[in-house]
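Here are my notes on the model you sent round, set out as numbered points. Please read them with the structure open beside you.

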Amino acid sequence: TAIALVAAIGLVFFAIQRKNAADAAEAQANAAVQAAQEATNKVDEVQHKLDQNTKDVDDAQSAVKAAQTDADRKAAQARLDELEPQQAEIRHQAAEAKAAAERASAARAAAVRKAGVHLSKQCLDNPLAPGCS
């Protein structure tokens, strides 16, 4: 009886440890999913800024070409000279955001794999049920 009691306590302790590890892995997976979403949002935001800046640069280039006087040409060229470094910086930010999104996506995938697969009772009972793909 004593051996069975010690074995039961050991199994309960082991089950608690496994549950805690699974909970930690799931929390890590949730955090990784959130980080990946934030990184994707940052990429979208930077891409929008880049698109706007590209439009502004194109408009400035058109203004330089269409300028009739030296004063207009100088003003348009000054605007273009102001926008081009901004465009380079935004492109750099976009590259960094994309790299961060890729890292976050890889971390999310690893965390999800580590957390394992959890199927609801409904999906176990009926794999064709809605939401059980």
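1. Status and overall make-up. The coordinates under discussion are those of a predicted model, and every remark below should be read with that in mind. The secondary structure of the protein comes to three helices and zero strands, and from the N terminus on the elements follow the order α-α-α. The radius of gyration is 28 Å, well over the 14 Å that the globule rule gives for 133 residues, so the protein is more spread out than a compact globule.

2. Dimensions and contacts along the chain. Taken along its principal axes, the C-alpha trace spans about 100 × 35 × 15 Å. Among contacts between residues at least 6 apart in sequence, 69% join residues that are at least 24 apart.

3. Helix α1. This helix holds 65 residues, from 2 to 66, and at 1.5 Å a residue it should span 96 Å; because its end C-alpha atoms lie 95 Å apart, the expected and the computed lengths agree. Ala2 lies in this helix and, with a relative accessible area of 56%, which is over the 50% cut-off, it counts as exposed. The C-alpha atoms of Ala2 and Ala107, which are 105 residues apart along the chain, are separated by 46 Å.

4. The buried residues of α1. Which element do the buried residues of α1 pack against? They pack against α2, which covers residues 70–115. The buried positions in α1 include the alanines Ala25, Ala29, Ala32, Ala36, Ala39 and Ala60, and also among them are Val43, Val46, Leu50, Asn53, Val57 and Val64.

5. Val43. This residue is found in helix α1, and since its relative accessible area is 16%, under the 20% cut-off, Val43 is buried. Leaving aside its neighbours within four places in sequence, Val43 is in contact with Ala97, Lys98 and Ala101. A C-alpha to C-alpha distance of 8.8 Å separates Val43 from Glu96, although the two are 53 residues apart in sequence.

6. Asn53 and Gln87. Two residues with amide side chains deserve a careful look here. Asn53 lies in helix α1 and, at 4% relative accessibility, counts as buried; leaving aside neighbours within four places in sequence, Asn53 is in contact with Leu83, Gln86, Gln87 and Ile90. Gln87, for its part, is found in helix α2 and, at 10% relative accessibility, counts as buried as well. Not counting residues up to four places away in sequence, Gln87 touches Leu50, Asn53, Thr54 and Val57, so that the Asn53 contact appears in the list of either residue.

7. Burial, surface and charge. How much of the protein counts as buried? Of its 133 residues, 20% do. The accessible surface comes to about 9,800 Å², of which 59% belongs to carbon and sulfur atoms. As for charge, the protein has 16 positive and 18 negative charges, and the mean positions of these two groups are 7 Å apart.

Conventions. Residues numbered from 1 in each chain as written. Predicted model: local features only at pLDDT ≥ 70, side-chain atom pairs only at ≥ 80, totals over all residues. Heavy atoms only, no water. Helix = DSSP H or I, 4+ residues; strand = E, 2+ residues; numbered from the N terminus. Expected span 1.5 Å × (residues − 1). Buried < 20%, exposed > 50% of the residue type's maximum accessible area, 1.4 Å probe, protein only. Contact = heavy atoms within 4.5 Å. Rg over C-alpha atoms; globule rule 2.2 N^0.38 Å. Areas by Shrake-Rupley, 256 points an atom, 1.4 Å probe, with all protein chains shown as cover. Lys, Arg positive; Asp, Glu negative; His and termini not counted. Charge placed at Lys NZ, Arg CZ, Asp CG, Glu CD.
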